[in-house]
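Thank you for making time for this today. Please take a look at the sequence and the structure before I start, and then I will walk you through them part by part.

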Amino acid sequence: MVGSGGFGITYEAEDINLGTMVAIKEYYPFDFGDRDATMSVRARSPTRHEQTVRLGPLNFLQEARTLARFEHPSIVRVTRVFEANSTAYMVMRFEQGQSFEAWLEISARSAHSRGARCDHRAPARRAADDARARTSCIATSRLTTSSFAPTARLSLLDFGAARRRCRRDEPLA
C-alpha cells in the first residue's frame with residue numbers, strides 16, 4: 001500500500017505482462033464499508049450506508065473513464081478499470097514521488113529560508129481547469145491528492161468525483 005484516503009486505497013504493483021510498475025487504486029469507503037470473509041466490500045450499516053457502498057464504485061469507474069480520456073503531463077494516466085470484491089479499481093501509471101502535503105511543507109521551509117516564492121501548482125491547476133472544461137463530472141480538483149515526482153513535476157492523481165457524489169447520494173450522469 002502506498003496511500004489511502006477516506007474513499008480509497010492505492011497499491012503499488014507490477015504489470016507482469018508489460019514488466020512495468022503501476023498504481024492500483026481501489027474504491028474503499030473507510031467510514032462506510034468493511035471487508036467480509038471473502039474480502040468483498042460491504043456496507044458497515046446496511047440501512048445507513050448501502051447506497052454509498054453501492055453507488056461509490058459506479059462513480060469511481062466513471063471518474064476513471066473520464067481521467068483515461070486525458071493526455072496531460074500533469075494528470076496521471078489511467079490505463080485500465082475493473083470490478084472485483086464488490087468494489088472498483090483503476091490501474092494508473094505509477095508516479096514515484098512524495099505527497100503534495102509533504103512537498104509543500106518542505107518547499108515552504110526551503111523557500112522561506114531563501115526568501116523566495118514559487119508556485120509549482122500552476123501546471124496542475126491548468127490541467128484541472130482543462131479537465132473541468134471538457135467534462136461535467138469534475139467539479140473541483142484537489143491538489144492535495146497529487147504527487148511530486150523527483151523532477152518536481154506535480155501530477156494530479158484524483159479529482160474526488162466518487163467522494164463528492166457519494167456524499168450527495170447521487171450517481172454521476
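Let me begin with one residue: does Phe-7 count as buried or exposed, going by its relative accessibility? Phe-7 has 6% relative accessibility and therefore counts as buried, where buried means under 20% relative accessible area, exposed means over 50%, and partly exposed lies in between, using a 1.4 Å probe and protein chains only.

Before going on, I should say that this is a predicted model, in which local features need pLDDT of at least 70 and side-chain atom pairs count only at pLDDT 80 or more, while totals for chains, interfaces and linings use all residues. Residues are numbered from 1 along each chain as its sequence is written, and side-chain values use heavy atoms, with hydrogens and water left out.

Now to the sheet, where I name strands (E, at least two residues) and helices (H or I, at least four) as DSSP runs numbered from the N terminus, and where two strands pair if DSSP finds at least two bridges between them. As general background, strands of a sheet pair through backbone hydrogen bonds, either parallel or antiparallel. Here, 5 strands form an open sheet in the order E1-E2-E3-E7-E6, and the pairing is antiparallel. Strand E1 (3-5) and strand E6 (78-84) are at the edges and have a single partner strand each, so one side of each is left without a neighbour in the sheet.

Moving inward, strand E2 (residues 8-15) is joined to E3 by 8 bridges, with Ile-9 standing opposite Glu-26 in E3. E2 and E3 form a hairpin with 4 residues between them, and Gly-19 in the turn has a positive phi of about 70°. On to the next pairing: 5 bridges join E3 to E7, and these strands run antiparallel. Val-22 has Arg-93 of E7 as its bridge partner, and Ile-24 has Val-91, also in E7. As for E3 itself, 6 of its 8 residues are buried, so this strand is largely enclosed by the rest of the structure.

Which residues touch the most other members of the largest nonpolar core? They are Phe-60, Val-78, Met-90 and Met-92, out of 15 residues in that core, a nonpolar core being a set of buried Ala, Val, Leu, Ile, Met, Phe, Trp, Tyr and Cys residues joined through side-chain atoms within 4.5 Å. Strand E3 (20-27), helix H1 (46-68) and strand E7 (87-93) each supply at least two residues of this core, and H1 gives the most, with 4 residues. Taking contact to mean heavy atoms within 4.5 Å, and not counting residues up to four places away in sequence, Val-78 touches Ala-64, Leu-67, Ala-68, Met-90, Val-91 and Met-92.

Finally, the aromatic rings: those of Phe, Tyr and Trp (its six-membered ring) pair if their centres lie within 6.5 Å, and planes under 30 degrees apart count as stacked, over 60 as edge-to-face and the rest as tilted. By this rule the count comes to 5 aromatic pairs. One of them, formed by Phe-7 and Phe-32, is tilted, at 5.8 Å centre to centre with 50° between the planes. Phe-7 lies in the loop between E1 and E2, and Phe-32 in the loop between E3 and strand E4 (33-35), so the pair ties together parts that are 25 residues apart in sequence. The residue we started from is also part of a cluster, since Phe-7, Tyr-27, Phe-32 and Phe-60 form one aromatic cluster.
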